Amino acid sequence: MQTADNILPGLERIESLLESADDLGDCAETVKAVVQDLLDYHRAAITQMLSVASDVDRGEVLRRWAEDELIASVLLLYDLHPDDLRTRVERALEQARPYLQSHGGDVVLVSIDDGVVQLRMKGSCHGCPSSAMTLKNTIDKAICAIAPDAVAVHIADTTDDSPPATGFVPIDALFGMKGTASV
């Protein structure tokens, strides 16, 4: 069975070849037109597959296809995925959340604008930069797997669990000089 992991090198090669097509001069546009026609052909075929599947239950077939990483990537390529970016990012966060919570952290989706995902970390091992980085990498990996069309992922830290302000002001801060306060 083909998976996204063993297909990815082929997709990277296609992208590289298309970039090098610019070096072909007048032929570059022809090569790109052929590739576009091939993509249009595939889109039509996939759309027809959905029509044929409608006898069964188009929604159920599409949902099951979207659960398969390889098929989901093709559905995204042709704008046929049943879930929007927000739904897929939320699903990715739900999958990552048990791991994050097992390390004292959590994540909140703040916004998605023009494909840029804004997240906020909560908790997550304050004072332990390597653990925080591991949690951020877990989130990035989850989003990349389910929502590869996200343009970027920005993760901000918060310290929701920091102690409340006590109102204490150090004496040297009142006088602006350390250790030289006179009474």
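**Exercise 1. State how much area the protein exposes and what share carbon and sulfur atoms supply.**

Step 1. The protein exposes about 12400 Å², an area that comes from the Shrake-Rupley method with a 1.4 Å probe.
Step 2. Carbon and sulfur atoms supply 57% of this area.
Step 3. The structure is a predicted model, in which local features need pLDDT of at least 70 and side-chain atom pairs count only at pLDDT 80 or more, while totals for chains, interfaces and linings use all residues. Residues are numbered from 1 along each chain as its sequence is written, and side-chain values use heavy atoms, with hydrogens and water left out.

**Exercise 2. Determine which elements the protein contains and in what pattern they follow along the sequence.**

Step 1. The protein has 7 helices and 3 strands. Helices (H or I, at least four residues) and strands (E, at least two) are DSSP runs, numbered from the N terminus.
Step 2. Along the sequence, the pattern reads α-α-α-α-α-β-β-α-β-α.

**Exercise 3. Describe how the strands E1, E2 and E3 are arranged in the sheet.**

Step 1. Strand E1 (residues 105–113) and strand E2 (residues 116–123) run antiparallel and are joined by 8 bridges; two strands pair if DSSP finds at least two bridges between them. Within this pair, Ser-111 stands opposite Gln-118.
Step 2. E1 and E2 form a hairpin with 2 residues between them, and Asp-114 in the turn has a positive phi of about 50°.
Step 3. E2 and strand E3 (residues 152–157) run parallel, with 6 bridges joining them. Here Leu-119 stands opposite Ile-155.
Step 4. The result is an open sheet of 3 strands in the order E1-E2-E3, with mixed pairing. E1 and E3 stand at the edges with a single partner strand each, so one side of each has no neighbour in the sheet.
Step 5. On average, neighbouring strands of this sheet are turned by 25° against each other, direction ignored.

**Exercise 4. Locate helix H5 relative to the strands, and classify Arg-97 as buried or exposed.**

Step 1. H5 lies across E1 and E2 and runs at about 165° to E1. Axes are lines fitted to C-alpha atoms, for helices over the stretch in contact, and angles run from 0 to 180 degrees between N-to-C directions.
Step 2. Arg-97 is placed in helix H5 (residues 85–102).
Step 3. Arg-97 counts as buried because its relative accessibility is 15%. Buried means under 20% relative accessible area, exposed over 50%, and partly exposed in between (1.4 Å probe, protein chains only).
Step 4. Leaving aside neighbours within four places in sequence, Arg-97 is in contact with Asp-106 and Val-107, where contact means heavy atoms within 4.5 Å.

**Exercise 5. Identify which elements contribute to the largest nonpolar core.**

Step 1. A nonpolar core is a set of buried Ala, Val, Leu, Ile, Met, Phe, Trp, Tyr and Cys residues joined through side-chain atoms within 4.5 Å.
Step 2. The largest such core has 20 residues; among those with the most contacts inside it are Val-89, Leu-93 and Ile-139.
Step 3. H5, E1, E2 and helix H6 (129–146) each give two or more residues to this core. H5 gives the most, with 6 residues.
Step 4. Apart from neighbours within four places in sequence, Ile-139 is in contact with residues including Leu-93, Val-107, Leu-119 and Ile-155.
Step 5. A second, separate core of 10 residues includes Ile-46, Ala-53, Leu-62 and Leu-80.
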